[in-house]
Amino acid sequence: MIRNSRRASLHRSCRANREISNIVLYFERASFKDPSLPPFDPHITLIGGIDICRCCKLEDFDCIGDTGMDVDAEAAKIVLRRLQSAFDGFGRLSCEFDESQGVSATFTEDGTVKWNQACISVVKRTDRFMKAMAIADEALFHTTTLNAERHFRSPILEPHYSFAYTDSSAVANNIIQIAQCPTSFICTKISMWWTDPPSIDGVINKEWVFVGDIYLDR
């Protein structure tokens, strides 16, 4: 929704703090299910917490003069097409895990569980995985000078597989007692999601919205 005049910058036209996050790697495998947990499939986040307004410029839009344009939706389409083009011919991606670290939960400084790192296994930084990150980073931000590792989120600061989301330390501890570190798998697609609001409530209330897929084996 355009909230300002036609000449408003894309940043001012986008919804405040709107993120298009969780550009994620998916694979077909029996997932860890618990009816008490928010319904979001296990995944590896390739790049997350992205401000959509930083990915597009006003001239990227074909319908600048349309005052009824949903800027967020149009920006998402632009970014999706850009990623699909960037990964054309990339091929399947092998994702490997640091089995020595097993399954763990991460906590903030005040001792509460980090809801989006509540049950994770660390993914190895293989050359191929880091190349995928670099390709996505360049497609999103048109940069090759910044290190893609800046996208790793604290406190773990590593690529990781998320089994489930929860803000309950008790639930997280229960999961890590029974979950096992995944074995390596072959990823054939990347998915893009709106993750607004970027919070556990956004997941619980099913406010996160699927945007589209980027296939790696076509």
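How many aromatic pairs does the structure hold? There are eight aromatic pairs. The model is a predicted one, and the points below should be read as such.

1. Phe 87 with Phe 90. These two residues form one edge-to-face aromatic pair, with 5.4 Å from centre to centre and 80° between the planes. Phe 87 and Phe 90 are both buried. Phe 90 has a further partner: the charged end of Arg 128 sits over its ring, 3.9 Å from the ring centre.

2. Trp 115 with Tyr 165. The ring centres of Trp 115 and Tyr 165 are 5.2 Å apart and the planes meet at 70°, so this pair is edge-to-face. Trp 115 belongs to the loop between β3 (93-95) and β4 (120-122), and Tyr 165 to the loop between β5 and α4 (169-178); the pair therefore ties together parts that lie 50 residues apart in sequence. Trp 115 is buried, as is Tyr 165.

3. Aromatic cluster. Phe 97, Tyr 161, Phe 163 and Phe 185 make up one aromatic cluster.

4. Helix α3. With 15 residues at 1.5 Å a residue, α3 should span 21 Å, and this agrees with the 21 Å between its end C-alpha atoms. Its buried residues are Phe 129, Met 130, Ala 132, Met 133, Ile 135, Ala 136, Asp 137, Ala 139, Leu 140 and Phe 141. The residue that follows α3 is His 142, which has a positive phi, near 55°.

5. Thr 143. This residue is in the loop between α3 (127-141) and β5 (160-162). Is Thr 143 buried or exposed? Its relative accessible area is 12%, under the 20% cut-off, so Thr 143 counts as buried. Leaving out residues up to four places away in sequence, Thr 143 touches Asp 137, Glu 138 and Arg 150.

6. His 151. The loop between α3 and β5 also holds His 151. With a relative accessible area of 11%, His 151 is buried. Which side chain does the side chain of His 151 meet in a polar contact? The partner is the side chain of Asp 137, at 2.8 Å. Apart from neighbours within four places in sequence, His 151 is in contact with Ile 47, Met 133, Asp 137 and Phe 141.

7. Asp 137 as a shared partner. Asp 137 is among the buried residues of α3. Thr 143 touches Asp 137, and His 151 makes its side-chain polar contact with Asp 137. Met 133 and Phe 141, which His 151 also contacts, are likewise listed among the buried residues of α3.

Notes:
Residues are numbered from 1 along each chain as its sequence is written. Side-chain values use heavy atoms; hydrogens and water are left out. Helices (H or I, at least four residues) and strands (E, at least two) are DSSP runs, numbered from the N terminus. Buried means under 20% relative accessible area, exposed over 50%, partly exposed in between (1.4 Å probe, protein chains only). Contact means heavy atoms within 4.5 Å. A polar contact is a pair of N or O atoms within 3.5 Å; within protein, one must be able to donate a hydrogen and the other to accept it, and residues adjacent in sequence count only if both atoms are side-chain atoms. Rings of Phe, Tyr and Trp (its six-membered ring) pair if their centres lie within 6.5 Å; planes under 30 degrees apart count as stacked, over 60 as edge-to-face and the rest as tilted. A charge sits over a ring if NZ of Lys or CZ of Arg is within 6 Å of the ring centre and within 35 degrees of the ring normal. The expected span of a helix is 1.5 Å times one less than its number of residues.
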